[in-house]
Amino acid sequence: MTTDLRFDQMRLPEECEALRQEVRAFLAQEVAAGTFDPDRAAHGDGGNPAFSRRVGGKGWIGMTWPKKYGGQERSFLERYVVTEEFRVANAPVRLHFVADRQSGPILIKYAPEHVKMDILPRICRGEVCFAIGMSEPGSGSDLFAAKTKATRTDGGWLINGTKIWTSNAHLADYMLGLFRTSPPTKENRRHGLTQFLVDMKTPGITINPIYQMTGLHDFNEVVFEDAFMPDDHVLGEIDGAWKQATSELAYERSGPERFLETFYVLIELVRALGPKPDLRSAEGLGRLVAQLHTLRRMSVSVNGMLQSGKEPVVEGSIVKDLGTVWEQKLPARVRELAAFVEPEVTNRATLEEQLAFATTIAPKLTIQGGTTEVLRGIIARGLGLR
Ligand SMILES: Cc1cc2nc3c(=O)[nH]c(=O)nc-3n(C[C@H](O)[C@H](O)[C@H](O)COP(=O)(O)OP(=O)(O)OC[C@H]3O[C@@H](n4cnc5c(N)ncnc54)[C@H](O)[C@@H]3O)c2cc1C
């Protein structure tokens, strides 16, 4: 077993508090203006283009990126605070969040300079939406089984095949797609995949909706039929995408969005139980809040380590595993505690509505971004256990 696993002790620095107040004031203004209702999480986040542009105007998208690309060169811990406040407020971040969290950082690392200069400032202004095209029918956890093919043609590549579960594809301007440019080799089954920047307006791309159990349209099947990608949309090494996949994962897995997706049911329960909950409710509530606090400390720690240049991939996976299991169980736990709520409390209907919605989205939480079983495999390998 390795002794490398560690969560550095970390508290958010002073400047984060000033930023938190600024973000809260902005969100309160948006709520007052009717942009969104923080108590209607059950209606989902369909995205709001004008809101995303105003967030961009505040400098809160791509805020850690270099200034020459439109970023603010602020810290990951400051970004943490922005993400946390937006999530807790149930603000509509759908249109800019994926680009901010993962597509932008990949472009910064692997896109040609002129592509970066074109797209990154637009992401920072909240003008473009990104999707992630990795999963396919038959290759989800096992990404290296991807079959969607990129074949060489004059000046670029022709893409043929199908991606599935592509969140936001119906809203996205771009996708970062993983395509097969060569067969795997005997020595390395991960060889042969290449990452591409896909302009979603390219002819030959068809987007078919897939509806969630909630009835909402979040993700899609995306079919490519001779869709042309120019050479300068290749990201990084041809056939070598597997080398590029790991370093961003800690960012993707360790943020506050990985344990706060059903948080609104806890808030609603606190409201319903009121200032003097009975002993059993107080005990149940205290337990949940203590668990949440621990998760947050771990998540802040991982982000602090990222800020200091470390690559806490295993620690990030632990945050996602514990976080998503916690947020998945939260609706059921809150429903048990809601049995102690007085029938006449004023927010009973909202609590029921929130619980019904959270219960329906709960199953997906331990699948999106890597399943629990796969994460535990990564953790076990990181600990030298397999
Ligand atoms: C809400 C949501 C949004 C999503 N958005 C996107 C998106 O935007 N882009 C995208 O590309 N994908 C997206 N996905 C797809 C997601 O990444 C895959 O569903 C996930 O990786 C699992 O793949 P799979 O569905 O093919 O299941 P499989 O990989 O077939 O897994 C089936 C079961 O087998 C288990 N399993 C598989 N391999 C192993 C292993 N090695 N060890 C132990 N157990 C294993 C899994 O844990 C799971 O329980 C999304 C999924 C959801 C639910």
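**View 1. The shell around the ligand mixes nonpolar, polar and charged residues.** Sorted by class, six residues in this shell are nonpolar, eight are polar and two are charged. Keep in mind as you look that this is a predicted model. There are 16 residues around the ligand, and the ones that come nearest are I132, S141, W165, T371 and E373.

**View 2. Here are some N and O atoms that sit close to the ligand's own polar atoms.** Start with W165, where a polar backbone atom is 2.9 Å from a nitrogen atom of the ligand. Now find S167: an N or O atom in its side chain is 2.8 Å from a ligand nitrogen. Over at E373, a polar side-chain atom lies 2.6 Å from an oxygen atom of the ligand. How much of the ligand's accessible area does the protein cover? On its own the ligand has 980 Å² of accessible area, and the protein covers 62% of that.

**View 3. E17 and R20 form a salt bridge within one helix.** Side chains of opposite charge can pair when their charged atoms come close. In this pair, the N to O distance is 3.2 Å. Why are E17 and R20 separated by about one helical turn? Because they are three residues apart in helix α1, which covers residues 14–32. Their surroundings are worth a look too: E17 is partly exposed, at 38% relative accessible area, whereas R20 is buried, at 6%.

**View 4. Zoom out a little and E17 and R20 turn out to belong to a network of salt bridges.** The other members to pick out are R24, E84, E85 and R296. And how many salt bridges does the structure hold? The count is 29.

**View 5. E136 and K163 make a salt bridge between a loop and a strand.** Their side chains meet with an N to O distance of 2.8 Å. E136 lies in the loop between β1 (130–133) and β2 (149–153), while K163 is in strand β3 (residues 156–164), so the pair ties together parts that are 27 residues apart in sequence. Buried or exposed: which word fits E136? E136 has a relative accessibility of 5%, so it counts as buried. K163 is buried as well, with a relative accessible area of 0%.

**View 6. E261 and K364 make a salt bridge between a loop and a helix.** The N to O distance in this pair is 2.7 Å. You'll find E261 in the loop between α6 (249–254) and α7 (263–273), and K364 in helix α10 (residues 348–365), so this salt bridge ties together parts that are 103 residues apart in sequence. E261 is buried, and its relative accessible area is 15%.

**View 7. N168 is a buried loop residue with a polar contact to R94.** Look for N168 in the loop between β3 and β4 (174–180). Its relative accessibility is 3%, so N168 counts as buried. The polar contact runs from side chain to side chain, at 2.4 Å. Setting aside neighbours within four places in sequence, what is N168 in contact with? The residues are R94, V98, C129, F130, A131, D218 and N220.

**View 8. V93 sits in a loop between two helices.** This loop joins the stretch between α3 (76–88) and α4 (94–110). V93 counts as buried, because its relative accessibility is 10%. If you leave aside neighbours within four places in sequence, V93 is in contact with D45 and F86. For a sense of scale, try V93 and L269: they are 176 residues apart along the chain, and their C-alpha atoms are separated by 24 Å.

**View 9. D226 and D239 each have a positive phi without being a glycine.** For D226, phi is about 50 degrees. D226 has its place in strand β7 (residues 217–230) and is partly exposed, with a relative accessible area of 48%. For D239, phi is about 70 degrees. D239 lies in the loop between β8 (234–235) and α6, and it is buried, with a relative accessible area of 14%.

Definitions and conventions:
Residues numbered from 1 in each chain as written. Predicted model: local features only at pLDDT ≥ 70, side-chain atom pairs only at ≥ 80, totals over all residues. Heavy atoms only, no water. Salt bridge = Lys/Arg side-chain N within 4 Å of Asp/Glu carboxyl O. Helix = DSSP H or I, 4+ residues; strand = E, 2+ residues; numbered from the N terminus. Buried < 20%, exposed > 50% of the residue type's maximum accessible area, 1.4 Å probe, protein only. Contact = heavy atoms within 4.5 Å. Polar contact = N/O pair within 3.5 Å; in protein donor to acceptor, adjacent residues only side chain to side chain. Near = heavy atom within 4 Å. Areas by Shrake-Rupley, 256 points an atom, 1.4 Å probe, with all protein chains shown as cover. Nonpolar A, V, L, I, M, F, W, Y, C, P; charged D, E, K, R; others polar.
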